[in-house]
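Dear colleague,

I am handing over the structure we spoke about, and below it you will find my notes on what turned up. Please look through it at your own pace before reading on.

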Amino acid sequence: MGRGGSVIPEQLTLTVSLRGTREIKSNYQLFRLTGLLDAFSEPTFRKVLGRCIEEGASHPNLILDLSKIDFIDSSGLGALVQLAKQTQGIEGTFQIVTNPRVTQTVKLVRLEKFLSLQPSVDVALENVRST
């Protein structure tokens with residue numbers, strides 16, 4: 001991976017129903033996910049992203065772009081809470097770029113403040129720059 005110029009996102013090995021990429025920048029990691037974040041994909045999602053957080057401790061701020069997630073259930077929400085806590089443990093920030101479906105599910109369990117929902121990747125990036 002080169003410094004400065006455009007970086008080709010790394011493909012994450014997740015599941016058939018959940019796909020994603022990872023971009024590592026100077027002080028943050030950006031994950032773009034598509035598909036289903038449910039009981040089937042959650043164990044792999046948690047393991048892969050947990051490992052990325054550990055490996056990328058020098059890039060402690062995480063942005064999860066879930067704007068293309070079609071479905072999220074309680075297992076997926078549990079994994080997000082776990083990852084948010086793991087990020088706090090390395091003194092990073094954790095933000096989720098959302099869509100109406102994800103927002104509705106998160107608000108049902110009143111986690112919108114804890115999970116720091118953002119309307120776009122650009123807004124999340126501005127938040128990282130201002131920390």
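Contact, as used in these notes, means that heavy atoms lie within 4.5 Å of each other. Please also keep in mind that this is a predicted model.

With that meaning in hand, I would begin at helix α4, residues 121–129, where Val121, Ala124, Leu125 and Val128 are buried. These residues lie on the same side of α4, because they cover an arc of only 100° around the axis. What covers them includes the strands β3, β4, β5 and β6, the last of these being residues 117–118.

The largest nonpolar core has 28 residues, and those that touch the most other members are Phe45, Leu64, Leu80, Phe94 and Leu115. Two or more residues come from each of β3 (28–37), α1 (42–55), β4 (61–72), α2 (74–89), β5 (94–97) and α3 (100–108), with α2 giving the most, namely six. Leu115, leaving out residues up to four places away in sequence, touches Leu80, Val81, Ala84, Phe94, Gln95, Ile96 and Val106. A second, separate core consists of eight residues, among them Leu30, Ile63, Val97 and Leu125.

Finally, a word on Glu42, which is found in helix α1. Glu42 counts as buried because its relative accessible area is 12%, where the cut-off is under 20%. Its side chain is joined to that of Arg46 by a polar contact of 2.6 Å, and, apart from neighbours within four places in sequence, Glu42 is in contact with Ser75, Gly76 and Ala79.

With best wishes

Note on methods
Residues numbered from 1 in each chain as written. Predicted model: local features only at pLDDT ≥ 70, side-chain atom pairs only at ≥ 80, totals over all residues. Heavy atoms only, no water. Core = buried A, V, L, I, M, F, W, Y, C linked by side-chain atoms within 4.5 Å. Buried < 20%, exposed > 50% of the residue type's maximum accessible area, 1.4 Å probe, protein only. Helix = DSSP H or I, 4+ residues; strand = E, 2+ residues; numbered from the N terminus. Arc of directions from axis to C-beta. Polar contact = N/O pair within 3.5 Å; in protein donor to acceptor, adjacent residues only side chain to side chain.
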